[in-house]
Amino acid sequence: MDALQLTGESAWALWQKVRSEAPLIQCITNFVSMDFMANTLLAAGASPAMAHCRDEVQDFQKIASALLVNVGTLSPEWTDGMRLAAEAAIALGKPWVLDPVGAGATPFRTQTIVSLVNLRPTVIRGNASEIMAVAGAAGKTKGVDSTAEPSHALEYAKQLAKDLGCIVAISGATDLVTDGERVAKVSNGVPLLTKITAAGCSVTALITAFVCCAPSDPLLATAHALAVFGVAAEVENVRGPASLRVELLDNLYSMDKATLTSNVNLQWD
Ligand SMILES: Nc1ncnc2c1ncn2[C@@H]1O[C@H](COP(=O)(O)OP(=O)(O)O)[C@@H](O)[C@H]1O
Ligand SMILES: Cc1ncsc1CCOP(=O)(O)O
Ligand SMILES: [Mg+2]
């Protein structure tokens, strides 16, 4: 595969690599998202396994290609597993991606997320409120939903990315992905995605699969995963969230190159 670029052609090439390699993604995720996340990864061509028990996370990471950590339904026992799994991924040189669900909602959640962030994920993807909370900004999150726009969180995301040497992605109407210097904009998707629970969780898992297949360019791999997920959600005349959920999975399974490349909306900021 050629070096990635911020184009639909490049997004397609990387997606084909995901489909042909079918990387095993170890997911430590919340109860709400498990089904939709696993189905998203399967439909897109990756191989999901939900494995969170602290007694097996390290061994599991040995056989996986990457790790996704999502803090949506936290408990103290799970936080041990998250930390051990992240440390194993780091020791094994595998990418790991953090979804800081509900950062800022409660002190327990925020503190747990900060301790995971300090382990330096390859990518952090959250909505605008979550990214601001992770960066220590005073702001409000409405549980797991955002009360801010990605543009409000951009400077915080850039600082976070610089401080940690990682990629930070802020999702919303236009997703912003930064390494602290460059900012890629992804203007795909539909507002109805905010009415499907675990849409954000699932796109973070897809990011993990894409980064796993392009470890030397996590910024572009993240933007490409967001674009693919967004285009798959651009369904006309959909009845509502339940139908969109089904159509999205079918599109991830069957989308062709022409559909992807003619619909992606990727730009440098
Ligand atoms: N207003 C919108 N228009 C188009 N796509 C959106 C919109 N809001 C969110 N999305 C998309 O929905 C997915 C989930 O993002 P978001 O709702 O921000 O995450 P979360 O569910 O974690 O809060 C992302 O792919 C994002 O691009
Ligand atoms: C509703 C809910 N509560 C705890 S985790 C979760 C799912 C959140 O999913 P997303 O962040 O993708 O909307
Ligand atoms: Mg979320």
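**Ligand shells and positive phi angles**

The shell around ligand 2 holds six nonpolar residues, six polar residues and no charged ones. The model is predicted. Among the residues around ligand 2 are N30, V32 and S33. G72 and T73 also belong to this shell, as do V101 and V144. A run from T197 to C201 completes the list: T197, A198, A199, G200 and C201.

Ligand 1 is surrounded by 18 residues. The closest are N127, S171, G189, L193 and G200. Three elements each give two or more residues to this shell: β7 (145-146), α8 (199-212) and α9 (218-233). By class, the shell around ligand 1 has eight nonpolar, eight polar and two charged residues. G200 is named among the closest residues to ligand 1, and G200 is also one of the residues around ligand 2.

Attention now turns to the backbone. A22 has a phi near 45°, a positive value in a residue other than glycine. A22 sits in the loop that joins α1 (8-21) and β1 (24-28). A22 has 16 other C-beta atoms within 10 Å, so A22 is partly exposed.

N237 also has a positive phi, near 55°, and is likewise not a glycine. N237 is found in the loop between α9 and α10 (241-254). Is N237 buried or exposed? N237 counts as exposed, because N237 has 5 C-beta neighbours inside 10 Å and the cut-off for an exposed residue is 12 or fewer.

Methods. Residues are numbered from 1 along each chain as its sequence is written. Chains are lettered from A and ligands numbered from 1 in the order in which they are written. This is a predicted model: local features need pLDDT of at least 70, side-chain atom pairs count only at pLDDT 80 or more; totals for chains, interfaces and linings use all residues. A residue is near a molecule or strand if its C-beta atom, placed from the backbone, lies within 6 Å of it. Helices (H or I, at least four residues) and strands (E, at least two) are DSSP runs, numbered from the N terminus. Ala, Val, Leu, Ile, Met, Phe, Trp, Tyr, Cys and Pro count as nonpolar, Asp, Glu, Lys and Arg as charged, and the others, Gly among them, as polar. A residue is buried if 20 or more other C-beta atoms lie within 10 Å of its own, exposed if 12 or fewer, and partly exposed in between; C-beta atoms are placed from the backbone.
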